[in-house]
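Reader: I'm new to this structure and a bit lost. Could you pick one part, take me through it slowly, and then show me how the rest fits around it?

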Amino acid sequence: QVQLVESGGGLVQPGGSLRLSCAASGSIDSITARGWYRQAPGNQRELVASITSDGSTSYADSVKGRFTISGDDSKNTVYLQMNSLKPEDTAVYYCNAETRTSSRSGGHSRLYVNDYWGQGTQVTVSS
């Protein structure tokens, strides 16, 4: 089990910056990837940025060059640095963690993949 707590959302003017934080607790060692998603009213939840345990990152085209995802070495906390914010970035941002665990019994092995979500934090970009 992994618990995620987000912080850092708020109101910012266009062109401004915010840094979101997501602290994880529980089975930290099983986390293989972290991500940030966002969902605006009437829209589907979309992946904004992700980072894997080896440090590889990926970004949605809409935020590439403006947002940066990072995490500490212990994987306890992941950040989303958001620069040059636009009104289109307004959404509820959700922290995500993917865990992978394996077990072996009776000569068989199994891989378990689970996703965990934070409660979401509102980001509003408006003048």
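**A close look at β8 and its surroundings**

Author: Let's begin with a pair of strands: β7, which covers residues 67-71, runs antiparallel to β8, and five bridges join the two. One thing to keep in mind as you look around is that this is a predicted model. To find a matching pair of residues along that pairing, go to Ser70, which stands opposite Tyr79 of β8.

β8 has another partner as well. Strand β3, made of residues 18-26, pairs with β8, residues 77-82, again in the antiparallel sense, and here there are six bridges. For a landmark on this side, try Cys22: its bridge partner in β8 is Val78.

Now let's zoom in on a single residue of β8. Thr77 sits in this strand. Is Thr77 buried or exposed? Its relative accessibility is 17%, so Thr77 counts as buried, given that the cut-off for buried is under 20%. And what does Thr77 touch, once neighbours within four places in sequence are left aside? Its contacts are Ser21, Cys22, Ala23, Arg34, Ser70, Gly71 and Asp72. You've met two of those names already: Cys22 as the bridge partner of Val78, and Ser70 as the residue opposite Tyr79.

Carry on along the chain past β8 and you get to the loop between β8 and β9, where Asp89 lies. The side chain of Asp89 meets that of Arg38 in a salt bridge, with N and O 2.9 Å apart. Arg38 belongs to strand β4 (residues 31-39) while Asp89 is in the loop before β9 (91-105), so this pair ties together parts that are 51 residues apart in sequence. Asp89 is buried, with a relative accessible area of 1%. Arg38 is buried too, at 6%.

Arg38 has a second salt bridge, this time with Glu46, where the N to O distance is 2.8 Å. Glu46 has a relative accessibility of 35%, so it counts as partly exposed. Add Arg66 and you have the whole network: Arg38, Glu46, Arg66 and Asp89 are linked by salt bridges. As for the idea behind such links, side chains of opposite charge can pair when their charged atoms come close.

Away from that network, Arg100 forms a salt bridge with Glu98, and their closest N and O atoms are 3.3 Å apart. Arg100 counts as partly exposed, at 44% relative accessibility. The count for the protein comes to four salt bridges. If you tally the charges, you get 11 positive and 11 negative side chains, and the centres of the two sets lie 3 Å apart.

Glu98 and Arg100 turn up again if you go to Ser30, which is found in the loop between β3 and β4. Setting aside residues up to four places away in sequence, Ser30 touches Glu98, Thr99, Arg100 and Thr101. Ser30 itself counts as buried, with 12% relative accessibility.

One more stop, at Thr121, whose place is in strand β11 (residues 121-125). At 11% relative accessibility, Thr121 counts as buried. Which residues does Thr121 touch, not counting those up to four places away in sequence? They are Glu6, Gly9, Leu20, Ala91, Val92 and Tyr93. Take Ala91 from that list: it is 30 residues away from Thr121 along the chain, and their C-alpha atoms are separated by 8.4 Å.

Now step back for the overall view. The protein has 11 strands and zero helices, so reading along the sequence you simply get β-β-β-β-β-β-β-β-β-β-β. Its C-alpha atoms fill a box of roughly 60 × 30 × 25 Å, taken along the principal axes. There are 127 residues in the protein, and 38% of them count as buried. The protein exposes about 7,100 Å², with carbon and sulfur atoms supplying 44% of that. Finally, take the contacts in the protein with a separation of 6 or more: residues 24 or more positions apart account for 57% of them. The pair of Asp89 and Arg38, 51 residues apart in sequence, is one you can look up again to see parts being tied together.

Technical notes:
Residues numbered from 1 in each chain as written. Predicted model: local features only at pLDDT ≥ 70, side-chain atom pairs only at ≥ 80, totals over all residues. Heavy atoms only, no water. Pairing = 2+ DSSP bridges. Helix = DSSP H or I, 4+ residues; strand = E, 2+ residues; numbered from the N terminus. Buried < 20%, exposed > 50% of the residue type's maximum accessible area, 1.4 Å probe, protein only. Contact = heavy atoms within 4.5 Å. Areas by Shrake-Rupley, 256 points an atom, 1.4 Å probe, with all protein chains shown as cover. Lys, Arg positive; Asp, Glu negative; His and termini not counted. Charge placed at Lys NZ, Arg CZ, Asp CG, Glu CD.
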